[in-house]
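Q: Could you take me through one part of this model close up? I'd like the aromatic pairs: what sits in them, where they are, and what the rest of the chain looks like around them.

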Amino acid sequence: SQGLLVGVDQEAGRVRRLLEPFSRFPPALHMARSDDPGAAVREFAEVTARELRLVGFNVNFVPVLDVLASTDTPELSVIGDRSFGAEPQTVARLGATVIEAMRAAGVISCSKHFPGHGGTTVDSHVDLPMDARPKNVIAGRDLVPFKMAMGLNVEMVMTAHVLYRALDPILPATLSERVIGKLLRDE
């Protein structure tokens with residue numbers, strides 16, 4: 001039992017709420033492009049989890065499981081270098097490393113941004129992004145890392161505040177029974 005949940009967004013790169021003296025790591029995309037991506041991501045997750053536990057956090061809003069449309073132009077995605085890349089299997093594998101390392105240190109992971117924010121260019125903090133891709137494209141790319149996370153029994157999932165026309169033509173994922181109830185919970 002975890003008791004009170006105390007969470008933070010301590011990704012790597014530009015999204016880190018706890019600054020020095022906490023360890024600083026390169027963005028996810030840079031770790032994924034390193035000579036040994038698995039080792040780089042494992043080190044990030046293990047060190048970050050240990051530091052979070054030392055100051056009382058037991059939830060970290062990682063991993064980012066969004067699959068980029070292209071790693072050649074990450075700046076075209078609002079997620080950008082926060083993603084492990086454009087290859088669904090790579091994102092899934094490195095995301096699994098984060099989930100397992102966090103869990104081993106007693107930190108709950110929150111996989112995000114379901115069902116996938118990697119192909120959008122609009123920041124959902126500013127306006128409502130829309131994704132017009134067909135369901136089979138979303139299922140074959142974006143959902144792959146989330147299926148992996150479900151297979152690992154990830155404790156939390158954060159939805160994307162994005163309108164996926166093929167999944168629900170009216171409501172964004174954050175408010176959609178079709179996305180949260182049917183797709184995430186049932187499928």
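A: Let's fix the term before using it: rings of Phe, Tyr and Trp (its six-membered ring) pair if their centres lie within 6.5 Å, and planes over 60 degrees apart count as edge-to-face. Keep in mind that this is a predicted model. By that definition, the structure holds two aromatic pairs.

Take F25 and F44 to begin with. Their ring centres are 5.5 Å apart and the planes meet at 80 degrees, so this pair is edge-to-face. F25 belongs to the loop between strand 1 (7-8) and helix 1 (28-32), while F44 is in helix 2 (residues 37-54), so the pair ties together parts that are 19 residues apart in sequence. How buried or exposed is each partner? With buried meaning under 20% relative accessible area, F25 counts as buried at 13%, and F44 is buried too, at 4%.

Now for the other pair, F114 and F146. Here the ring centres are 5.2 Å apart and the planes are at 90 degrees, so once again the label is edge-to-face. F114 comes from strand 3 (residues 108-114) and F146 from helix 4 (residues 135-151), which makes this a link between distant parts of the chain, 32 residues apart. Both F114 and F146 are buried.

While we're on helix 2, which holds F44, have a look at V41, which is in that helix as well. V41 is buried, with a relative accessible area of 0%. Setting aside neighbours within four places in sequence, V41 is in contact with M31, F84, L94, T97 and V98. For one of those, M31, the C-alpha atom is separated from that of V41 by 6.3 Å, with the two residues 10 apart along the chain.

The loops have a few backbone details you may want to check. The loop between strand 1 and helix 1, where F25 lies, also holds P21. The peptide bond from E20 to P21 is cis, with omega near 20 degrees. There is a cis bond between V62 and P63 as well, with omega about 5 degrees, and P63 is found in the loop between strand 2 (59-60) and helix 3 (88-104). After helix 4, the helix of F146, comes N153, in the loop leading to strand 5 (156-159). N153 has phi near 55 degrees, a positive value in a residue other than glycine. With a relative accessibility of 61%, N153 counts as exposed.

Stepping back to the whole chain, there are five helices and six strands, running β-α-α-β-α-β-β-α-β-β-α along the sequence. The radius of gyration is 16 Å, close to the 16 Å the globule rule gives for 187 residues, so the chain is as compact as a globular protein of that length. Along the principal axes, the C-alpha atoms fill a box of roughly 45 × 40 × 30 Å. Buried residues make up 51% of the 187. Of the contacts between residues at least 6 apart in sequence, 71% join residues at least 24 apart.

As for the outside, the chain exposes about 9,100 Å², with carbon and sulfur atoms supplying 54% of it. On the charge side, there are 20 positive and 23 negative side chains, and the centres of the two sets lie 3 Å apart.

Notes
Residues are numbered from 1 along each chain as its sequence is written. This is a predicted model: local features need pLDDT of at least 70, side-chain atom pairs count only at pLDDT 80 or more; totals for chains, interfaces and linings use all residues. Side-chain values use heavy atoms; hydrogens and water are left out. Helices (H or I, at least four residues) and strands (E, at least two) are DSSP runs, numbered from the N terminus. The radius of gyration is taken over C-alpha atoms; the globule rule is 2.2 Å times the number of residues to the power 0.38. Buried means under 20% relative accessible area, exposed over 50%, partly exposed in between (1.4 Å probe, protein chains only). Contact means heavy atoms within 4.5 Å. Accessible areas come from the Shrake-Rupley method with a 1.4 Å probe; for residues, only the protein chains shown count as cover. Lys and Arg count as positive and Asp and Glu as negative; His and the chain ends are not counted. The place of a charge is taken as NZ of Lys, CZ of Arg, CG of Asp or CD of Glu. Rings of Phe, Tyr and Trp (its six-membered ring) pair if their centres lie within 6.5 Å; planes under 30 degrees apart count as stacked, over 60 as edge-to-face and the rest as tilted.
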